Amino acid sequence: MTGFICLNKQQDITSFWAVRQTLKLLGEKKGGHTGTLDPFATGVLPIALGRATRFIELLPSSRKAYVAKLQLGIITDTLDITGEVISKAPVHASAFEIEQLLDDYLGTINQVPPMYSAIRKDGVRLYDLARKGEIVEREERQVNIYRLDFLGFEDDTVEIYVECSAGTYIRSLADDIGADLGCGAVLSELCRTRSNGFSIDKSTTLEQMRQMTPEELNGLVIPLDEALKKYEKVTVSEAQAFRFKNGGALLRNRLDCSDEIGLYRVYSPDNRFLGVGEITEESDEMTVKRVLPDE
C-alpha cells in the first residue's frame with residue numbers, strides 16, 4: 001500500500017501511537033507521520049504508508065493552520081496546560097486589547113523554541129534535558145505568521161485562528177502573547193486544521209476507521225502523486241523513464257515542461273508515477289530527487 005491517510009488525531013494519544021494504530025487497521029507494516037502533534041493536541045496528522053515514506057520531506061510544507069485556546073493568567077514549564085504551574089497573575093486585558101495586540105504578530109517574527117520540544121541541542125532532544133530540570137539557551141528562529149484572527153474571549157480564555165510557516169510553535173506564541181498582556185498565558189487547547197496540503201475536512205478519526213470495512217479503509221488512501229500535486233507534471237519518453245528510474249538526469253531541452261526552477265512529478269508514457277525530479281538554475285538537466293521504487 002502506497003499513499004497517505006489524513007488522520008484527525010484525537011486528544012491524549014501520541015503521534016507515534018496514532019501511526020501504529022492506523023497501520024494496524026490498514027494491515028500495513030511501514031509508515032510514518034509528517035510532523036508531530038503533542039498528545040493533548042488534536043487535528044490533521046498526515047500519515048505516509050509504505051513507499052510513500054520516502055517522499056515525506058517533499059510534501060508542501062509552506063503553511064500550517066490551527067485553532068487554539070490560550071488560558072490567560074498562568075505560566076507553566078511546558079508553556080501549555082499540561083505543565084507544572086510556575087506563576088499566576090490576575091487578568092485585566094479586554095477583548096479589544098487582545099484583538100489589537102494580535103496584529104503585532106503578523107508577518108515575520110522571532111521565536112524562541114520551548115524547552116519541551118524535539119529540537120536537538122548538542123545531539124540531545126530539548127525535552128530530554130527539560131525532564132532532567134535543565135534549561136539551556138536556545139537560539140531565536142524566524143517564523144512567519146500569515147494570518148492571526150481573534151475568535152473570542154471568555155473566562156480568561158482567548159480563542160484564535162493561526163496560519164503560519166512550518167516550524168512555528170503555537171505554545172511559544174501563547175507565551176509571548178501572555179507576556180505582552182502582562183499576565184502570562186499557556187496553550188490550553190490546540191487543533192491543527194491544515195498541514196502539508198491536507199485539511200481537517202478531509203480527515204478521518206481512528207474511531208471512524210474502526211467502523212469501516214476493508215474496502216472503505218482502502219478508499220481513504222490518498223495516492224502519492226495526488227499528495228504532491230502542487231508540483232507540475234511532466235511526462236517523459238520510455239527511454240527517459242528508464243534512465244530516470246535508474247537515477248539518471250534528463251536534459252531540460254528534451255522535456256515538455258515549463259522549465260521553471262523547482263520540483264516536478266515525473267510520469268512514464270503510460271501515466272505511471274515514477275518519482276520527483278528537480279530543475280535548478282545551475283544545471284541544464286532535471287536531476288532525480290526521489291524515485292518511487294518498484295513494489
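1. Let me start with a surface residue. E154 comes out at 60% relative accessibility, so E154 counts as exposed, the cut-off for that being over 50%. E154 belongs to strand β10, which covers residues 141-154. If you want a long-range pair to look at, try E154 and R51: they sit 103 residues apart along the chain, and 47 Å separates their C-alpha atoms. Bear in mind throughout that this is a predicted model.

2. Next, the interior. The largest nonpolar core has 29 residues, and the members touching the most other members are L70, L148, I160, V162, I170, L187 and L190. As for where the core comes from, two or more residues each are supplied by β4 (64-72), α2 (95-102), β10, β11 (157-164), α4 (170-181) and β12 (185-195). There is also another core lying apart from this one, made of 19 residues, including V44, A48, V276 and L292. As general background, nonpolar side chains in soluble globular proteins tend to be buried together.

3. I160 is a handy residue to click on. Which residues does I160 contact, once neighbours within four places in sequence are set aside? The list is Y66, V67, A68, L70, L102, L148, D149, L151 and L173. Of these, L70 and L148 turn up again among the core members that touch the most others, as does I160 itself.

4. Now the strands around β4. This strand runs antiparallel to β11, with eight bridges joining the two. Q71 is a good place to check the register, since Q71 stands opposite T157 in β11. β4 is also joined to β12 by eight bridges, again antiparallel. On that side, A68 has L190 of β12 as its bridge partner.

5. Two of the helices that feed the core also pack on each other. The axes of α2 and α4 are 11 Å apart, at an angle of about 125 degrees. That angle makes α2 oblique to α4, and the crossing is right-handed. If you want to inspect the contact, look at I98, L101 and L102 in α2, which meet I177, D180 and L181 in α4.

6. Further along the chain there is an open sheet of five strands, ordered β14-β16-β17-β18-β15, with mixed pairing. Which strands stand at the edges? They are β14 (232-235) and β15; each has a single partner strand, so one side of each is left without a neighbour in the sheet. The parallel part of the mix includes β14 and strand β16 (residues 262-267), joined by four bridges, with T235 opposite Y267 in β16. Helix α8 (residues 238-245) packs on this sheet and touches β15, β16, β17 and β18, its direction making about 80 degrees with that of β17.

7. The antiparallel pairings in that sheet include two that involve β18 (residues 285-291). Strand β17 (residues 273-279) pairs with β18 over five bridges, and a hairpin through five residues connects them. I279 has M286 in β18 as its bridge partner. With strand β15 (residues 250-251), β18 has two bridges, also in the antiparallel sense. Here L251 is matched with E285 of β18.

Methods
Residues are numbered from 1 along each chain as its sequence is written. This is a predicted model: local features need pLDDT of at least 70, side-chain atom pairs count only at pLDDT 80 or more; totals for chains, interfaces and linings use all residues. Side-chain values use heavy atoms; hydrogens and water are left out. Buried means under 20% relative accessible area, exposed over 50%, partly exposed in between (1.4 Å probe, protein chains only). A nonpolar core is a set of buried Ala, Val, Leu, Ile, Met, Phe, Trp, Tyr and Cys residues joined through side-chain atoms within 4.5 Å. Contact means heavy atoms within 4.5 Å. Two strands pair if DSSP finds at least two bridges between them. Axes are lines fitted to C-alpha atoms, for helices over the stretch in contact, and angles run from 0 to 180 degrees between N-to-C directions. Angles under 35 degrees count as roughly parallel, over 145 as roughly antiparallel, 65 to 115 as roughly perpendicular and the rest as oblique. A crossing is left-handed if the near helix is turned anticlockwise from the far one by less than a right angle, and right-handed if clockwise.
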